[in-house]
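This briefing sets out selected structural features for a reader working directly with the coordinates. The points are grouped by topic.

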Amino acid sequence: MAASVRLLVRRVTRLSHGHVTVCPSGPSGPSGRCCWAPSSCRCFSDDRNTHFGFETVPEAEKAKRVYKVFENVAQNYDVMNDAMSLGIHRLWKDTLLHVMNPQPGARLLDVAGGTGDIAFRFLEYIRSQRERQRRHVARSMQALSWKDISDVYAAREGGEDGPRESRAVVCDINKEMLKVGKQKADSMDMSAGLSWVVGDAEELPFDDEQFDIYTVAFGIRNVTHIDQALQEALRVLKPGGRFMCLEFSKVRDPVLARLYDTYSFKIIPVLGEVIAGDWKSYQYLVESIRRFPDQEEFKRMIEDTGFYCVRYHNLTGGVVALHSGYKL
Amino acid sequence: MFRGVFGEFVTATVRVHRSLRHEALSRVVNPSSLFVRSFSDVKDEGGGAAPPPFDTGLLHFLVCPLSKKPLRYEAKTNELINEELGIAYPITDGIPNMIPQDARLIQKDAPATQE
């Protein structure tokens, strides 16, 4: 499989760059790499390291290990979220939706959406908005002329809901998480307007300028190259589109910070072991939170990518930060 | 010191009860997912076609992650084909898998390596 991937990448770089010196029927194995022109070496340079929690690992390995972590936790993910955050994660996600305030007809891309929490909330919100609009229209239409009534009937027959239906696409690199999410959707009967795609946040399988809103909730710290994920977010958003990111961040208040640290390092992995039978995954989780940049630095990263009006709200004293930016 | 003792106590308890607890808990935690799984199995068998239908509405904005070009849905093999690069992305359980490493190379008459 590695050989076919190499073939594939070779073909892609040949298409994208004008000239690449490629060995004819290159020898398989690591020695084949040295034939590549230096410009195309980037994808194979695994001498660069990155962090995996408090460990240092080669970049190529991080994605694999993160995949393993989420494959292990997928079945218990929602239960663990409730246990670890004492249910507060629901409030965080509800806040995200309120700040987003999506209008009917909006298209959402939820990256690293896994079990689909944000997408479900989005569809619910839009549905209740629609109901509110309908009620408002009905109330204002109390005294109608015959012409108005016939217009309403014509419009209803012509096309339900007039403007576009809103749509939510959940994209995640991990098949297990999406499977759990899809099962949830089917059991809650919420599959209308919802799509599931397995994809890489650093290389989204979507065309340019397709989405009104891009969200990533508690997923961006697991991405190996955060700046690439941000670039892709900018690409797939329409002009005027909004980027929103919920992520664990730094707590300013020292007392709260100490409490939070104790809770994170002493209680969460134990909960992970007791409930999910997996200490190490939850150890990775709390460590990866510590390695993620703080509010200001992440804001700078988002601005550097090309988003405007970037701001953040601290939730629960800074445990979670909601960053938002616009593509103009 | 108390913290160390407490920690040891916890790990000991956990280790002793882990197998029992894990089994019991998995029995507790999984029935809902089991129920859903069996429900969807029944649905699939009832429906006849083994893979659930793929939502072709997605094709409007789904593209190949490598070349960003549109894809063609092949119903027979249940895959999304990028003609230009000659790769096919599989669809499992109605969810398209757009990771390049999981894609299949389509062998054409002119071998791919020659060009």
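Along its sequence, chain B runs in the order α-β-β-β-β-β, that is, one helix and five strands. Chain A, by comparison, holds eleven helices and nine strands. Both chains belong to a predicted model.

**Overall composition of the chains**

- Chain B has 115 residues, and 31% of them are buried.
- Chain A has 328 residues, of which 48% count as buried.
- In chain B, 22% of the contacts between residues at least 6 apart in sequence join residues at least 24 apart.
- In chain A, the corresponding share of contacts joining residues at least 24 apart is 73%, again among contacts between residues at least 6 apart in sequence.

**Positions annotated as a binding site**

- The UniProt record, an unreviewed entry, lists A:Thr115, A:Asp172, A:Asp200 and A:Ala201 under "binding site".
- A:Asp172 belongs to strand β4 of chain A, which spans residues 167-172.
- With a relative accessible area of 9%, A:Asp172 falls under the 20% limit and is therefore classed as buried.
- The side chain of A:Asp172 reaches the backbone nitrogen of A:Asn174 at a distance of 2.8 Å.
- Beyond four places in sequence, the residues touched by A:Asp172 are A:Ala112, A:Gly113, A:Gly114, A:Met177, A:Leu178, A:Val197, A:Val198 and A:Gly199.
- A:Asp200 is located in the loop between β5 (194-198) and β6 (211-217) of chain A.
- When residues up to four places away in sequence are set aside, A:Asp200 touches A:Ile173 and, in the other chain, B:Ile99.

**A:Arg167 and its contacts with both chains**

- Strand β4 of chain A also contains A:Arg167.
- A:Arg167 has a relative accessible area of 18%; this value is under 20%, so the residue counts as buried.
- The side chains of A:Arg167 and A:Ser195 are joined by a polar contact of 3.0 Å.
- Within chain A, and not counting residues up to four places away in sequence, A:Arg167 touches A:Ala106, A:Arg107, A:Leu108, A:Phe122, A:Gly193 and A:Ser195.
- From chain B, the residues touched by A:Arg167 are B:Asp55, B:Gly57, B:Leu58 and B:Phe61.

**A:Ser324 in strand β9**

- A:Ser324 is placed in strand β9 of chain A, residues 320-326.
- The relative accessible area of A:Ser324 is 1%, which is under 20% and therefore makes the residue buried.
- A polar contact of 3.1 Å links the side chain of A:Ser324 to the side chain of A:Arg242.
- Apart from neighbours within four places in sequence, A:Ser324 is in contact with A:Arg242, A:Phe243 and A:Met244, as well as with A:Cys309, A:Val310 and A:Arg311.
- The C-alpha atoms of A:Ser324 and A:Phe307 are 9.0 Å apart, with their positions 17 residues apart in sequence numbering.

**A:Gln283 and the packing of α2(A) on α10(A)**

- A:Gln283 lies in helix α10 of chain A, residues 279-291.
- The relative accessible area of A:Gln283 is 21%, and the residue is partly exposed because this value lies between the limits of 20% and 50%.
- Not counting residues up to four places away in sequence, A:Gln283 touches A:Phe265 and A:Pro269.
- A separation of 67 Å is found between the C-alpha atoms of A:Gln283 and A:Lys147, which are 136 residues apart along the chain.
- Helix α2 of chain A (residues 59-73) packs with α10(A) at about 120 degrees, the axes being 9 Å apart.
- This angle makes α2(A) oblique to α10(A), and the crossing is left-handed.
- The contact involves A:Lys62, A:Val66, A:Val69, A:Asn72 and A:Val73 from α2(A), together with A:Ser281, A:Tyr282 and A:Tyr284 from α10(A).

**The packing of α8(A) on α11(A)**

- In chain A, the axes of helix α8 (residues 226-236) and helix α11 (residues 295-305) come within 9 Å and cross at roughly 50 degrees.
- The crossing angle makes α8(A) oblique to α11(A).
- The passage of α8(A) over α11(A) is a right-handed crossing.
- On the α8(A) side, A:Ile226, A:Leu230, A:Gln231 and A:Leu234 take part, and they meet A:Phe298, A:Met301, A:Ile302 and A:Thr305 of α11(A).

How values were computed. Residues are numbered from 1 along each chain as its sequence is written. Chains are lettered from A and ligands numbered from 1 in the order in which they are written. This is a predicted model: local features need pLDDT of at least 70, side-chain atom pairs count only at pLDDT 80 or more; totals for chains, interfaces and linings use all residues. Side-chain values use heavy atoms; hydrogens and water are left out. UniProt positions are given in the numbering used here, feature names are shortened, and annotations may be inferred rather than shown by experiment. Helices (H or I, at least four residues) and strands (E, at least two) are DSSP runs, numbered from the N terminus. Buried means under 20% relative accessible area, exposed over 50%, partly exposed in between (1.4 Å probe, protein chains only). Contact means heavy atoms within 4.5 Å. A polar contact is a pair of N or O atoms within 3.5 Å; within protein, one must be able to donate a hydrogen and the other to accept it, and residues adjacent in sequence count only if both atoms are side-chain atoms. Axes are lines fitted to C-alpha atoms, for helices over the stretch in contact, and angles run from 0 to 180 degrees between N-to-C directions. Angles under 35 degrees count as roughly parallel, over 145 as roughly antiparallel, 65 to 115 as roughly perpendicular and the rest as oblique. A crossing is left-handed if the near helix is turned anticlockwise from the far one by less than a right angle, and right-handed if clockwise.
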